[in-house]
Amino acid sequence: MISHRARMIQASLLALISAGSGCGLILGLDDFEDAPASGGQSSGGDDATASCRPDMSEECYGGPSGTAGVGLCSSGIRTCDSSGEMWGACQDEVLPRQESCASTEDENCDGFDCTIWSRVGHATNPATRITSISANNKGNIFAAGEFKDTVQFGTDPLISANRIEDSNLDAFIASLDSTGNHRWSRQFGDEMNQAATSTCVDGSGNVIFAGINSGSINLGDRDIGAGIFVAKFDDNGSHVWSRGIHASPESESGLLTGNPKVSCTPDGDVFIAGGFAGTIQFDDVTFRTYPTDTYDIYIARMNGSTGSWSATDGGWSRRFGGPGNDSAADVATHSSGSAIITGTFTQGIEFGNFSSTVDDGMYLARIDSTGKPTWARSFTNARPSALSIDALGNTSITGTYEHPVDFGGGALPDWSQMTFAVQFDIAGIHRWSRGFLGQITMSSLSADPLNNVTLFGQASYSLRIDDNEVLTLGDFPSALAIKLSPEGRTIWKRWLPASSAHSVTSVVAETDLSGESIISGRVVYPGGATAATIDFGTGPQRTGEHSYFIAKLGN
């Protein structure tokens with residue numbers, strides 16, 4: 001069954017392919033303007049019925065002004081009919097189309113390859129980072145995370161609640177439009193630690209974001225105490241609802257370890273999952289770990305209209321775990337309304353009637369729309385970092401592994417530094433798995449409308465992605481993206497290179513409904529430099545001592 005989101009993805013992709021790709025370029029924090037129109041060319045459209053001399057021919061072009069002769073775009077020729085009453089069609093013109101990173105050509109004719117636009121913003125503290133990014137059905141982008149002191153997305157910077165030397169983190173969420181222009185941004189928190197850790201968007205374009213709070217936070221209607229917060233904002237940044245999940249860990253560091261993840265269902269509800277130690281309370285349900293200093297995982301379904309997880313509102317909450325420490329790395333939703341959750345365990349783990357077959361490692365479990373586990377899998381030597389579900393219900397996961405690991409298709413290579421990508425079908429049966437060699441940390445992955453999967457992270461030095469091909473990056477980490485086909489074969493691989501003075505870290509990304517990817521991360525100066533420029537493929541941009549970037553890549 002194809003979900004509402006899948007149908008919306010397919011419709012959006014068809015519309016985009018029909019309409020062509022935009023050609024705006026964004027540099028830094030400035031608004032963009034279209035390039036001036038090139039002279040001496042006919043539109044080939046508006047005056048197609050204008051009178052002309054019989055059999056006369058002239059150059060024509062129906063694309064946006066300034067794109068003819070750029071990249072793959074070129075003018076054509078149109079010829080007047082024998083009566084002198086009408087121009088014929090513009091023949092052999094090449095118009096802008098969606099940018100593809102699979103080639104080195106400039107398909108959308110903006111003067112750049114693969115990177116459609118990029119934006120660099122600035123902060124005043126190295127603790128600032130974007131932890132999650134999402135895009136809705138309008139193409140608007142939402143970035144959430146944590147910051148200290150100030151961070152700038154638009155004209156006016158966000159300022160943390162208590163700007164003193166030993167102040168703690170605040171949470172933020174910001175929105176950009178599909179071309180990278182700032183729309184709105186919000187700051188939340190007090191003098192204690194707050195951080196937004198995850199986002200998702202529903203079918204109406206609203207954004208849901210969650211995070212941790214060790215003080216008091218007000219997201220729009222009431223103060224929320226220590227624990228976990230979840231909030232829903234509409235596309236324009238107006239508060240819809242916010243809820244708190246009370247948690248009492250053995251220490252504040254325990255709370256910070258269990259970063260919550262959210263995923264929106266096709267019908268607008270929200271799954272939230274994470275780890276906890278001690279107690280955690282969902283309305284009238286309280287879960288406790290035993291011993292109290294060990295971690296279990298929770299997963300809950302929230303009513304998307306009200307934010308309630310009470311059974312009377314169609315919500316529920318569940319606890320799963322074993323005698324050791326268990327964590328939740330990520331959660332995603334299927335078109336049926338069920339959820340897939342992945343993470344790690346140390347002394348076995350149980351999901352209802354399903355028990356792990358190994359003592360420690362990685363788990364993968366499906367929880368149906370009522371909160372019942374329908375299957376679970378376990379694998380030794382693997383640590384997942386992110387997962388994604390495509391329109392067919394296949395689940396893709398990335399992470400790291402130690403020593404040989406077998407997900408069902410044979411042992412992956414036993415290298416010293418290893419990253420994996422694996423896909424399972426809707427029943428949890430292995431479809432394909434890959435191993436990558438090198439200093440690679442994959443932190444995000446996302447399925448596109450055609451069920452391709454793109455992995456995102458950071459890498460440095462020498463990499464082996466395909467067979468014996470060795471790629472050499474710089475000594476400092478660069479952002480890396482690898483796009484795989486539905487069968488797990490490499491379609492393309494690109495990196496946003498760092499200069500000799502930069503490192504790119506903390507990479508997170510999301511694929512939007514057009515199949516294009518929004519990627520973000522931190523720009524760090526290992527050598528102690530305070531200002532320079534960096535180029536992600538759209539021209540040099542100024543960076544400060546503490547900067548972040550957001551960029552859009554082709555499909």
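**A walk from one loop to the cores**

Let us start at Gly-111, which sits in the loop between strand E2 (76–79) and strand E3 (115–123). Keep in mind as you look around that this is a predicted model. With 48% relative accessibility, Gly-111 is classed as partly exposed, because exposed would require over 50%. Setting aside residues up to four places away in sequence, Gly-111 touches Val-70 and Asp-106. Its C-alpha atom is 9.9 Å from that of Gly-69, and 42 residues separate the two along the chain.

Stay in this loop and look at Asp-113. Its side chain meets that of Arg-494 in a salt bridge, with 2.9 Å from N to O. Arg-494 belongs to strand E35 (residues 490–496), while Asp-113 is in the loop between E2 and E3, so the pair ties together parts that are 381 residues apart in sequence. Asp-113 has a relative accessible area of 23% and is partly exposed.

That bridge has company: a search of the whole structure finds 16 salt bridges. One of them joins Arg-489 to Glu-487, with the closest N and O atoms 3.5 Å apart. Arg-489 is exposed, at a relative accessible area of 53%, and Glu-487 is partly exposed at 42%.

Now for a pair in another setting: Lys-552 and Glu-516, whose side chains meet in a salt bridge of 3.8 Å, N to O. Lys-552 is part of strand E40 (residues 546–553), and Glu-516 is in the loop between strand E36 (503–511) and strand E37 (517–524), so this bridge ties together parts that are 36 residues apart in sequence. Are these two partners buried or exposed? Lys-552 has 6% relative accessibility and counts as buried; Glu-516, at 7%, counts as buried too. Elsewhere, salt bridges that share partners link Lys-138, Arg-183 and Asp-235 into one network.

Another lysine worth a look is Lys-232, found in strand E14 (residues 227–233). Its relative accessibility is 9%, and it counts as buried because the limit is under 20%. Beyond residues up to four places away in sequence, Lys-232 touches a set of residues that includes Asp-202, Asn-206, Ser-238, His-239, Trp-241 and Gly-304.

Strand E14 also leads us to the largest nonpolar core, since E14 is among the elements that give two or more residues to this core. The core has 20 residues, and those with the most contacts inside it are Val-230, Ile-245, Ile-272, Ile-280, Phe-282, Tyr-298 and Met-302. Other strands that contribute two or more residues include E11 (207–213), E15 (239–248), E17 (270–276) and E20 (296–302). What does Ile-272 touch? Leaving aside neighbours within four places in sequence, its contacts include Ala-210, Ile-228, Val-230, Ile-245, Val-262, Tyr-298 and Met-302. Apart from this core lies another, of 19 residues, with Ala-123, Phe-147, Ile-518 and Tyr-548 among them.

Our last stop is empty space. How many cavities of 30 Å³ or more does a search of the whole structure find? There are two. The second largest cavity holds about 30 Å³ of space, and its lining is made up of His-334, Ser-338, Ile-340, Arg-366, Gly-393 and Ile-426. By class, that lining has two nonpolar, three polar and one charged residues.

Definitions and conventions:
Residues are numbered from 1 along each chain as its sequence is written. This is a predicted model: local features need pLDDT of at least 70, side-chain atom pairs count only at pLDDT 80 or more; totals for chains, interfaces and linings use all residues. Side-chain values use heavy atoms; hydrogens and water are left out. On a 1 Å grid over the protein atoms alone, a cavity is a set of points where a 1.4 Å probe fits but cannot get out, and a pocket is an open set with protein on both sides within 12 Å along at least five of seven lines; lining residues have an atom within 4 Å of a point. Grid points are joined across faces, edges and corners, and a volume is the space filled by probe spheres set on the points. Ala, Val, Leu, Ile, Met, Phe, Trp, Tyr, Cys and Pro count as nonpolar, Asp, Glu, Lys and Arg as charged, and the others, Gly among them, as polar. Helices (H or I, at least four residues) and strands (E, at least two) are DSSP runs, numbered from the N terminus. Buried means under 20% relative accessible area, exposed over 50%, partly exposed in between (1.4 Å probe, protein chains only). Contact means heavy atoms within 4.5 Å. A nonpolar core is a set of buried Ala, Val, Leu, Ile, Met, Phe, Trp, Tyr and Cys residues joined through side-chain atoms within 4.5 Å. A salt bridge is a side-chain nitrogen of Lys or Arg within 4 Å of a carboxyl oxygen of Asp or Glu.
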